[in-house]
Amino acid sequence: MGTIGATLIRAGRRFLSSLPALFGVLVFTFLLMRVLPGDPAVFFASGPSAGKEEIEVVRKQLGLDRSLPEQLGIYLYDVGRGNLGRSMMTGQPVAKDLQQRLPASLELTLTALVIALIAAVPLGVLAALRPNSLIDHGVRLFCSLGVCVPTFVSGLLLIYVFYYLLGLAPDPTGRIDVFASVPPARTGFLMVDFLLAGDVEGWWAAARQLMLPAFTMALFVIAPLARITRASMLVSLGSDFVRTARSIGLSRWQIVVTYALRNAILPVITIAGIVFSTMLGANVLVEKVFSWPGVASYALDALLVSDYAPVQGFVLLMASIFVAVNLLVDVLYGIADPRATVA
Amino acid sequence: QSRAETLRYVTAATVNTLDPNIPGSTREAFALSMSSYDRLVSFGRKQLNGKWVFDLDTINGELAESFSVSSDGLKITFKLRPDAKFHDGSPVTAEDVKWSLDRCVTAPVLGKAQLLTGSLTSADQFKVIDPLTLEVTLPRPDKLALPNLATVYPIIINSKLAKSHATPEDPWALSWLKENEAGSGAYIVETFKPGEQAIAKRNEAWNRGSPDKPASFKRLIIQSVPEPATRANLVERGDADLVIDLQASDVQALEAKGKLKVISTPQYNAVTFISMNNKIPPFDNVNVRRAVAAALPYDDMFKAALFGRGTPLFGASWADGTPPSGGYPIPQPVKLDLEKARAYLKEAGVPEGFATTFSFNVGQAATAEPMAALVKESLEKIGIKVDIQKLPDAQMSTSINEKKLPFFTEGIVAWLPSTDYFYRNFYTGNQRWNYSSTDNAELEKIAQAARFEADKAKYEAEGKELNAIHFEQMFQVPLWQPAQDAVMVANLDGYVYQFTRQVDYRNLSRK
Amino acid sequence: MMSPLLEIDNLGVTFSTRRGLVEALRGVSLSLQPGEMLGLVGESGSGKSVTGFAVTGLLDKAGRITAGRVKFRGQDITRASGAELRNLHGANMAMIFQNPRAALNPIRTVGAQIADAVLSHRRLSKQEARAEALKLLRAVQIRDPDRRLDAYPHELSGGMCQRVMIAIAISCNPSLLIADEPTTGLDVTTQKVVMDLLARIVAERGMTTILITHDLGLAAHYCRRVVVMEQGRLVEEGAPQTLFRAPQHAYTKRLVASSPTATSRVGDLVPADEALPVVEVKERPTPAPGTPPLLDVQHVVKRFDDGAAAVADFSMTMAAGESVGLVGESGSGKSTTARMICRLIDPSAGDILFDGYSIAKLPARDFHRSPLRREIQIVFQDPHESLNPRFTAFDCIAHPLLRLTGLRPGDALRSRVEECADRVGLPRELLSRFPHQLSGGQKARIGIARAIACRPRLLVLDEPTAALDVSVQAVVLQLLDRLRREDNLAFLFVSHDLNVVRMMCSRTIVLRAGGIVEQGESLALFANPQTDYTRELVEAIPHIGSPVSLLPA
Amino acid sequence: MSLTATSSGLRHTVWVLRGNLVTAIAAAAAILLALVAIFGPMLVPYDPVASDVPRALQPPSALHWAGTDQLGRDVFSRLIVATRLDLAIAVTAVSVSFVIGAVIGSLCGYVGGKLDRAVGRFVDVLMAFPLFVLAMAMVAALGNRVENIVIATAIINLPFYIRFARAEVNIRRNLGWVEAARACGDGHVSVVLRFLLPNVLPAMAVQMSLNLGWAILNAAGLSFIGLGVKPPTPEWGIMVAEGARFISTGRWWLVSFPGLALMLAVLCFNLLGDGLRDILDPRMRT
Ligand SMILES: Nc1ncnc2c1ncn2[C@@H]1O[C@H](COP(=O)(O)OP(=O)(O)OP(=O)(O)O)[C@@H](O)[C@H]1O
Ligand SMILES: Nc1ncnc2c1ncn2[C@@H]1O[C@H](COP(=O)(O)OP(=O)(O)OP(=O)(O)O)[C@@H](O)[C@H]1O
Ligand SMILES: [Mg+2]
Ligand SMILES: [Mg+2]
Ligand code: NI
């Protein structure tokens, strides 16, 4: 189809134009990490008996004995070859660590986003249908309540109530009960892998494990999503074409959903894309609180101990995902909005 | 296996390597290696105030069926267990032991610096006599030689297996062993996900346990749960069997509820200090240091930061003003006395006080932060303005290493705690662990001499002398030995406090 | 007499707004016979659309019917339930809206939208609905109806969109059609075609129609009966010929007078009692021979980023005090030319001489430092949009004085500003107001006062009255004309209203796609256009006096 | 109508507030917060940093309305005193990013072309960063002093302001009054600073209000991972972060009261932002 082709070309162009940004991120992170006052060599050579010599060994091992431009050159070369270096913390290649942990983060963030959208879109629509009514204010208050609690507090509270007090939730220690058997990793997404393995029980266990952290994260993003839904819904409800729809006697459902909502959802897609990328990078605290083996908590730990490679790898990964999500949003937008291709 | 046969242990940190020798190894990695690898010898255990702790003075054979020290103390001969097998079924031979010990003293690994303290420095010292006999020669008698072989590092590796994974650049198979285990220990590592969990299953053939039988638990799950409150919840609800490193307040609460077993052992090989850099003014003035020592709110700090869980090292009264013992650490005759502190400041020539920074590690914030607040408050009363600095872990270690911090709190641990060891490693030289940058010729001389002192009484006298210098000069202020709180389900048995400050999983069983 | 299809009785509508209640309709009574086409005219805000919405039950939530009844075939619309209304909508009454593009759902194909309308009242399969949609597209004479079925609104021109809109409105053969300014968003030429089509369709199908418009010419052209609204009231009613030839009500009189016709002159537009005080007009000095023309535009070209030339090879000259009109369809490059001459944007090629000095060399970025800046000023299309919402009227007028004449804040400035205000007939007490507190005409005056404050010699007027009501437009045009004569100002007058240009300008240039099509003395040009394009432009202007040709007998 | 602008603005605001109880309450709460920030430190019953270890961890009582913390400090006093710092952090961080972002963004939006593209790239780089990690890294690199927390928060907010200002200016740059200003002899810089910026301010005010709350949360998040304000300075984020760890031991007051204060402030800024949007434009609540 012509429009899809055009969309793809546009996406391709956008991808190319985002490469400089990725490169910028790469270099910037590299430099930022070197500015950190901590010396990873000292930290990691900190066995109860490490001395100067050990520190030098580690330094050499990390390539820190070279000059900065040299290090950068080596780093860029390595990245070019897909080698993100090795994490001192886990002792593993960063690429491998990230590859293992990314599905966890993605699964969590996606679920959270879906929960948030499921809650936010109807709420936003409801509020927009009766602007300034009690419902509107109620929705607003409810959404705002979600954003005003730090995620680590809501997370700990949810654990306290649902795990500790009520015992409804499984123990908040990662993606799946340690005693459960793990399905063969095909996609890395547990929910998908369980389904592929045909293990419904396991799927349910994984889903339960996912609920609390996903809710914690979702609570935080319902507000912006509901807000944008309401706003764009108000715009499209007030637009001429909705009046046209009314003037020809379409049913209320058709007016609200087919005419108003379908148009209003476009900005929501954009915001959802942004929300997704930010959430993925910012869910450090949720991952910490729920012992979620995701990439963000990995990066946080690495950052505190100045383990350069994982932080650099993580930032690069996040930036790439940011670019990819933007592309995806673009494509979705192109499909959802026929006008996009002409712009 | 049933849940009852599985031990689920949750911890803040993570197992990051299967070979404890790799720079950067965590305490959890050490703990796991204790179970997955055997060493030639191991420490015994003893009871201290009714709690089981490791005993430095009892060395038992582990892979060694027996060992003997020559009368001149220069030769140690190990006879290996004939029935010991690696996890792949191949027998443990003296060749394997030699390769492993050679690796420990020659490869760029952590063991090198450790074994040095036991006069084990070169591969020439290890000699294979026959497939089951190994002889270790020492340049001089060293009472730390044998204990060193019981520490974490000198693991005995399946050398054939390891060598098959060695490369010309990596002759000691460092990178392979990091992710693969080639030991003969009580547990065989099944899953290893750094930062998440490690799972091991019981080695049924292992018979080095106390009554010559395999470990009690069939399966071992070591899981990282960074949030301390969650760890407390887990063990309280019975989802985890054992947890250490809880927040003091949580331990207190769990203890009060009485449902769980809480074993609180003072970490008698660890000390928490408030350190002053003796080379940075004004702390180069001994009277300033004394003033600080007299102005610290010891009791409040102990209560608020530690919830009283540990052994205080303050508030002693030394009869006749001399150290009552040559051990280390011993309680110091210091207490909060602002008048005295002011007097010292005056004597130091800074009666108005001064301004300084007090640093601590983000990782230790739970105890250090309340401490810091109290220190600041108290020192301000004698005119010392304190700016609190909270440093990320790597930054803290770097600053300490570069001797940039004037005033901070840190802790030390010694695996082989003896007075001379402490003084030599933590009070001499331009090394990271010499927090106070102490440079005291007399102290160094005595400490070095004590190292090879065979006479117990003389050693005790030298220890007292060192303690006296320490108090005299007030290099830094020992505060306390924090307790190791292990909280476990009521039916768990056999917990022993280990030199690694970790659990030895092999000791544990379920009633 | 047949029973009326629609009967409006003493209708009152009130809106609750931020500023309190607004009475939009006060006692409107009207009745409509089947098959009739009624013109509803009046100024902006007089309540024409509200009447339409009230009749169809499409009022905004904020609006409430406070009095009266609307009877459609005997059924009271004001009391109809939502379901009843929904049944009426489309099937019995339909509306066509002002801006066709906005009135169509941008992300739904027009075929689907027409099918929606068909399906809302008829039980048909998807295929049948689609076939029906195609039939309707044929009926509205769209080119390539099969292809258009799957087109999105943005792929169609404005005129095509309006045809689609008409197709939707007539999809269920409603007996009542309300066309709310159906052609305002369109080009002059398209306007006529669409209106003709609409008139034909309603005549063929015998629909009763209300044509809402503020264009008297349009109403006169197509309707047998016209009602005039003012401030929510009906003030006059009658056949267009009689109504516009001999208006009774003062308001209608003013409305009729201010509508420019093919023959009217600026002075005629405003009833004598409202005309501005006459000021003595100096004779225009004839320039000494040999002096360069005031403005000499030489082969300017403007290309925007996308490469296509918005203006291609445009040349003209202008003498001091002369007024030149610039006309052309939308997008023909009028504004671009004006902005280049005003030195707000740089031409891509060519030169502009002012007083013989080249002003195109100095980039627009730096032109504000040129001493010639004060000589060339501009008045913009939309008086509201051209005033900084955070400046009071005084600030607006003072701004160029402060910037360009070196005047400092103080009494001198104040008196200059007041003088300017006086000249444009702006009451001094309005000087402290912000734009949103002023009416359109007042804002237009501020815009003009600002432009003439530093006594420029060339005034560029980019559709200065396009956003104004006819009566306000009349006053503004008159004002401009007087100022021109008083100050010997040269005008470059951009407009698409040919009647206005003819009145205001001695010479006219016709633009199309960035190039000059034709130019010459205005009167001659309009009386006898040389190109088809100009002829089309001229013919498309509706006139009050033109014959009512398309109505069925 | 012969109203001056301010009084009509005021009347309009009152109209919106009357129809909008939630916003009115939020506005009242914001005023209350400001008052507490200004006068709070003078009114507190206890010295917020004075420890009293024997009285540590006491539940709320008549003596200590919100209980005492680990060091026996009065939680209530600390809460009140913290208001000033927290608001200051939020306000400075937001203002810094606003001022820089608005100036850069509006210049880009106005000038377009190369500058716009260059800055656009830079903004892309910033946006592509996982922002919270960026903040952490910056605080870690610069040291956890209040200024650095402010700087970090400001920097991670910056791209949004640049984008926002850019977009707002972009849609206005071809409006009549902007061209008129240029025709009246204003250069580009003065057009941007004196004409466009003041006009995008109201729209940005909404963003700022929402961001204020966000900045406080951000500081709290940093505190939770140990990169917050130094002890013993009372600050809500630290208090919440510390208190959160006492949830499981039943010392609810340690997290509840600071949590409530934090919530109140963030909620109030959020609702105020929404309300502000209503005041500025009833239809657009994005
Ligand atoms: N949704 C609304 N909310 C508030 N007031 C409104 C609304 N719609 C119309 N009005 C008011 O009702 C009055 C009549 O408006 P209406 O739209 O009918 O004018 P009109 O004659 O159609 O003008 P135009 O020619 O500009 O379309 C105006 O004063 C307007 O302010
Ligand atoms: N800033 C711009 N960037 C790109 N293209 C432009 C720009 N301004 C105008 N154009 C294009 O230049 C052409 C001429 O536009 P211009 O605004 O001069 O038309 P106009 O005759 O004034 O039309 P209208 O009657 O609608 O005002 C159009 O095709 C328009 O799309
Ligand atoms: Mg209208
Ligand atoms: Mg134009
Ligand atoms: Ni005509």
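Reader: Which residues surround ligand 2?

Author: Read a binding site as a shell of neighbours. This is a predicted model. In it, the shell around ligand 2 comes from chain C: F304(C), A310(C), E329(C), S330(C), G331(C), S332(C), G333(C), K334(C), S335(C), T336(C) and E463(C).

Reader: How many nonpolar, polar and charged residues are in that shell?

Author: Sort the neighbours by class. The shell around ligand 2 holds two nonpolar residues, six polar ones and three charged ones.

Reader: Which helix gives the most to the shell?

Author: Map the neighbours onto the secondary structure. Helix α12 of chain C, residues 334–341, gives the most, with three residues.

Reader: Which atoms of G333(C) and K334(C) lie by an oxygen atom of ligand 2?

Author: Look for N and O atoms, and check whether they belong to backbone or side chain. For G333(C), a backbone N or O atom lies 3.0 Å from a ligand oxygen. For K334(C), an N or O atom of the side chain is 2.8 Å from an oxygen of ligand 2. E463(C) also places a polar side-chain atom 3.5 Å from a ligand oxygen; the cut-off for a polar contact is 3.5 Å.

Reader: How much of the accessible area of ligand 2 does the protein cover?

Author: Compare the bound ligand with the ligand on its own. Alone, ligand 2 has 640 Å² of accessible area, and the protein covers 59% of that.

Reader: Now the strands. How many bridges join β1 to β4 in chain C, and do they run parallel or antiparallel?

Author: Check the direction, then the register. Strand β1 (residues 6–17) and strand β4 (residues 63–72) of chain C are antiparallel, joined by eight bridges. For the register, take G12(C): its opposite in β4(C) is A67(C).

Reader: What does β4(C) pair with over two bridges?

Author: Strand β5 of chain C, residues 75–76, again in the antiparallel sense. Here F72(C) stands opposite Q75(C). Two residues sit between the strands of this hairpin, and R73(C) has a positive phi near 50°.

Reader: Why does the radius of gyration of chain C agree with a compact globule?

Author: Set the value against the chain length. Chain C has 26 Å; a compact globule of 553 residues would have a value near 24 Å, so the two agree. Its C-alpha atoms fill a box of roughly 75 × 50 × 40 Å along the principal axes. The chain has 19 helices and 20 strands.

Reader: What does the record say about residues 83–273 of chain D?

Author: Take the annotation, then look at the model. An unreviewed UniProt entry annotates this span as "domain: ABC transmembrane type-1". In the model, residues 83–273 of chain D are 84% helix and 0% strand, with the end C-alpha atoms 19 Å apart.

Definitions and conventions
Residues are numbered from 1 along each chain as its sequence is written. Chains are lettered from A and ligands numbered from 1 in the order in which they are written. This is a predicted model: local features need pLDDT of at least 70, side-chain atom pairs count only at pLDDT 80 or more; totals for chains, interfaces and linings use all residues. Side-chain values use heavy atoms; hydrogens and water are left out. A residue is near a molecule or strand if one of its heavy atoms lies within 4 Å of it. A polar contact is a pair of N or O atoms within 3.5 Å; within protein, one must be able to donate a hydrogen and the other to accept it, and residues adjacent in sequence count only if both atoms are side-chain atoms. Accessible areas come from the Shrake-Rupley method with a 1.4 Å probe; for residues, only the protein chains shown count as cover. Helices (H or I, at least four residues) and strands (E, at least two) are DSSP runs, numbered from the N terminus. Ala, Val, Leu, Ile, Met, Phe, Trp, Tyr, Cys and Pro count as nonpolar, Asp, Glu, Lys and Arg as charged, and the others, Gly among them, as polar. Two strands pair if DSSP finds at least two bridges between them. UniProt positions are given in the numbering used here, feature names are shortened, and annotations may be inferred rather than shown by experiment. The radius of gyration is taken over C-alpha atoms; the globule rule is 2.2 Å times the number of residues to the power 0.38.
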